[in-house]
Amino acid sequence: MKFLEYTPFDRINDFLRELNLGERTIKGSLEAYSCKHTGTDKRLSLSLENEILDSLGKSSDTDSSPVEFLLSRSSAVKAHQFFTEEIWDTFKQIFETYMLEASKEWIETYGGSSLLETVYKALDEVVNLSECEIYSYNPDSDADPFLEKGAIWSVSFFFYNRKLKRVVSFSFCCLSNLVGDGFLADNLCSEEDGEIFDNMDM
């Protein structure tokens with residue numbers, strides 16, 4: 001596993017780093033990774049992948065998948081906590097619903113293309129969306145490593161290109177500004193990701 005730096009994500013990540021909307025704060029992060037792993041991580045990833053593919057009624061024909069993105073330091077998440085295969089229209093609908101206010105702020109700040117259009121162009125440049133599998137991450141709240149105390153909602157998607165062996169994670173969340181400052185960590189969508197990836201083969 002290797003973190004990949006892509007400038008198309010920079011402006012979006014800067015905008016979504018901590019967008020204060022009065023009573024709420026929106027945070028988001030786009031991160032790209034190369035899907036390469038060996039040894040124990042590979043065996044564990046493939047085992048988990050087979051479990052998930054079985055639950056989806058599919059068979060495994062690849063040596064890497066977005067499965068590895070939710071391998072924690074000590075254990076792997078269960079398949080039923082993990083992800084659902086989606087299409088772009090589903091992502092678009094969820095994004096437009098949850099990120100309505102953020103999208104308005106984007107237009108006021110930058111004008112021109114909408115936030116969704118900018119996200120689409122950035123994703124397409126990095127992972128070629130026409131060749132991507134799209135997954136949403138839907139665990140129980142108690143099992144969600146992206147969920148922070150004070151969170152009103154949290155959404156995570158993975159865009160996986162098998163041919164390029166590259167995946168982009170896009171997590172965005174909403175935190176209440178009405179709870180105590182002690183509940184609000186600074187890096188929901190970056191530090192949590194880092195913990196998940198710490199034991200991966202970078």
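This is a chat about helix H5 and the aromatic rings of a predicted model.

Trainee: What should I know before I start?
Mentor: The model is predicted, so local features need pLDDT of at least 70 and side-chain atom pairs count only at pLDDT 80 or more, while totals for chains, interfaces and linings use all residues. Residues are numbered from 1 along each chain as its sequence is written, and side-chain values use heavy atoms, with hydrogens and water left out.

Trainee: OK, which residues of H5 are buried?
Mentor: Leu115, Leu116, Thr118, Val119, Ala122, Leu123, Val126 and Val127. Buried means under 20% relative accessible area, exposed over 50% and partly exposed in between, with a 1.4 Å probe and protein chains only.

Trainee: Why do they line one face of the helix?
Mentor: Down the axis of H5, the buried residues fall within an arc of 160°, so they line one face. That arc is taken from the directions from the helix axis to the C-beta atoms.

Trainee: And which residues are exposed on the other side of H5?
Mentor: Lys121 and Glu125.

Trainee: Switching to rings: how many aromatic pairs are there?
Mentor: The structure holds 18. Rings of Phe, Tyr and Trp (its six-membered ring) pair if their centres lie within 6.5 Å; planes under 30 degrees apart count as stacked, over 60 as edge-to-face and the rest as tilted.

Trainee: What about Trp88 and Phe159?
Mentor: Their centres are 6.5 Å apart and their planes at 50°, so the pair is tilted. The pair links distant parts of the chain, 71 residues apart.

Trainee: Is Phe159 buried or exposed?
Mentor: Phe159 is buried, with a relative accessible area of 0%.

Key:
Helices (H or I, at least four residues) and strands (E, at least two) are DSSP runs, numbered from the N terminus.
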